[in-house]
Amino acid sequence: MKVLVTGGAGFIGSHLVEALLARSHEVAIIDDFNDFYNPATKQQNVAGVRNRAHVYSRDICDEAGVRAVFADFAPETVIHLAARAGVRPSVVHPEWYLKTNIFGTYNLLAAARDQGTVRFIFASSSSVYGASREVPFREDQALVQTFSPYASTKLAGEHLCSNYAHLYGLKVACLRFFTVYGPRQRPDLSIHKFTRLIAQGKPIEVYGDGSARRDFTYVEDIVQGVIAALDYDATGFEVFNLGENATIDLLSVIRLIEEAFEKKAEIQFLPPMPGDMPQTYADISKARAL
C-alpha cells in the first residue's frame, strides 16, 4: 500500500515509518522539521529511512505544497500525525495550534478527497476528554468541555474528519493517543525531561502536588494500534482510544526514575498549570474487540 505519514520525522511518526517499511509498504513522509524542538533530532530520526522512503519537507499549512505531494505520490492511505503538540504551549500561543491543527488538517482532507485517497487515519488525543468525570474514558462519551486550545483543535480535527467521511465517503479512523512515551520522545515531555534532569543531578519542576494521573502508553503499542487501524476496513467514521488502560500518578513516575538511577530527585513544586487534566484513563475495550 502507498502510505503518506505526516509528521513522519517526529517521535511517533519515525517509529511508525519504520514499522510500515518493515511490512513492505511504500511510504512517504511530510514534515516541516520546525524548531519546536531541535530540528537536528528529527533529521536523525529519519536518517535511516531516507533511502527507503520519500521525504517531503513541507508545512501542512501550505495548501499548494500539500497538493503537490499528493499529486506526486498519490497515497492510498494518509496517516496524519503532524500537529502543533503540547497542552501548555497552546495556552500561550493558541493561534499556532488553530492554524496547524485545524487548517493543516483541512488541507490534507481536501487533498485526499480530490486525489481519491481511500483511507485517512487521524492522530487525536486523550486531551479531548477534558472535563469528563467518568473514567475510564470511552469513545461514546459526550465531550462537553476541553481544557486547552490544543485539545479543542484536536476535537475540531475529529469533526472535520467526520464531515469528510459523511460527505465524500472517506474511510476515517480517529485514534485518541494517551500520553505516549519511549525512545525518541520529545524532550519537553515529562518522562524524557525528568530522566535527563535526574541523571544530571539537576532539579525538576512539578506543577501541582504530583497527584495528577496519566495513562502512559509505550510507543510500540501505539504503533501497533495504528497498524491495526490501517488493516481494519472501517466503513465511514470511527473513533478508537489507544492507551494502556492503567494510570499512575506523577510522583510514582519520579520514584521509578529515582530507583533506576539510584539517585534522589530534587523536586520544585509549582502552581498547577492551566490546561492540564487531573487524570487520563483509557477504556480500550473497543480497540481490543476490533
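How many salt bridges does a search of the whole structure find? The search turns up 15 of them. Before we go on, please keep in mind that what we have here is a predicted model.

Let's start with three of those salt bridges. In one of them, the side chains of Arg113 and Asp114 come together, with N and O 2.8 Å apart. How accessible are these two partners? Arg113 has a relative accessible area of 30%, so we call Arg113 partly exposed. Asp114 is partly exposed as well, at 46% relative accessibility.

Next, have a look at Arg138 and Asp140. They form a salt bridge too, and their closest N and O atoms are 2.8 Å apart. Asp140 counts as exposed because its relative accessibility is 59%, and exposed means over 50%. Its partner Arg138 has a relative accessible area of 26%, which makes Arg138 partly exposed.

The third pair is Arg186 with Asp188, again a salt bridge with the closest N and O atoms 2.8 Å apart. Is Arg186 buried or exposed? Arg186 is buried, since its relative accessible area is 13% and the cut-off for buried is under 20%. Asp188, on the other hand, is partly exposed, with a relative accessible area of 36%. Salt bridges can also share partners, and that is how Glu63, Arg67, Arg113 and Asp114 are joined into one network.

Now let's move to helix 3, which covers residues 63-73. Which residues of helix 3 are buried? They are Gly65, Val66, Val69, Phe70 and Phe73. If you look down the axis of helix 3, these buried residues fall within an arc of 140°, so they line one face of the helix. On the other side of helix 3 you will find Ala64, Ala71 and Asp72, which are exposed.

What do the buried residues of helix 3 pack against? Their neighbours are strand 1 (2-6), strand 2 (26-31), strand 3 (54-57), strand 4 (77-80) and helix 5 (94-115). One more detail to look for: after helix 3 comes Ala74, and the phi of Ala74 is positive, near 50°.

From strand 1, I'd like to pick out one residue, Thr6. Thr6 counts as buried, because its relative accessibility is 0%. Its side chain makes a polar contact with the side chain of His80, at 2.7 Å. A polar atom of the Thr6 side chain also lies 2.9 Å from the backbone nitrogen of Ala82. Which residues does Thr6 touch, if we leave out those up to four places away in sequence? The answer is Ile30, Val78, Ile79, His80, Leu81, Ala82 and Leu108. So both His80 and Ala82, which we have just met, are on that list.

My last stop is Gly157, in helix 6, residues 149-168. Gly157 is buried, given its relative accessibility of 0%. Setting aside residues up to four places away in sequence, Gly157 touches Thr105 and Phe122. Try finding Phe103 on your screen as well. Gly157 and Phe103 are 54 residues apart along the chain, and their C-alpha atoms are separated by 8.9 Å.

That's my tour, from the salt bridges to helix 3, then Thr6 and Gly157. Thanks for listening!

Technical notes: Residues numbered from 1 in each chain as written. Predicted model: local features only at pLDDT ≥ 70, side-chain atom pairs only at ≥ 80, totals over all residues. Heavy atoms only, no water. Salt bridge = Lys/Arg side-chain N within 4 Å of Asp/Glu carboxyl O. Buried < 20%, exposed > 50% of the residue type's maximum accessible area, 1.4 Å probe, protein only. Helix = DSSP H or I, 4+ residues; strand = E, 2+ residues; numbered from the N terminus. Arc of directions from axis to C-beta. Contact = heavy atoms within 4.5 Å. Polar contact = N/O pair within 3.5 Å; in protein donor to acceptor, adjacent residues only side chain to side chain.
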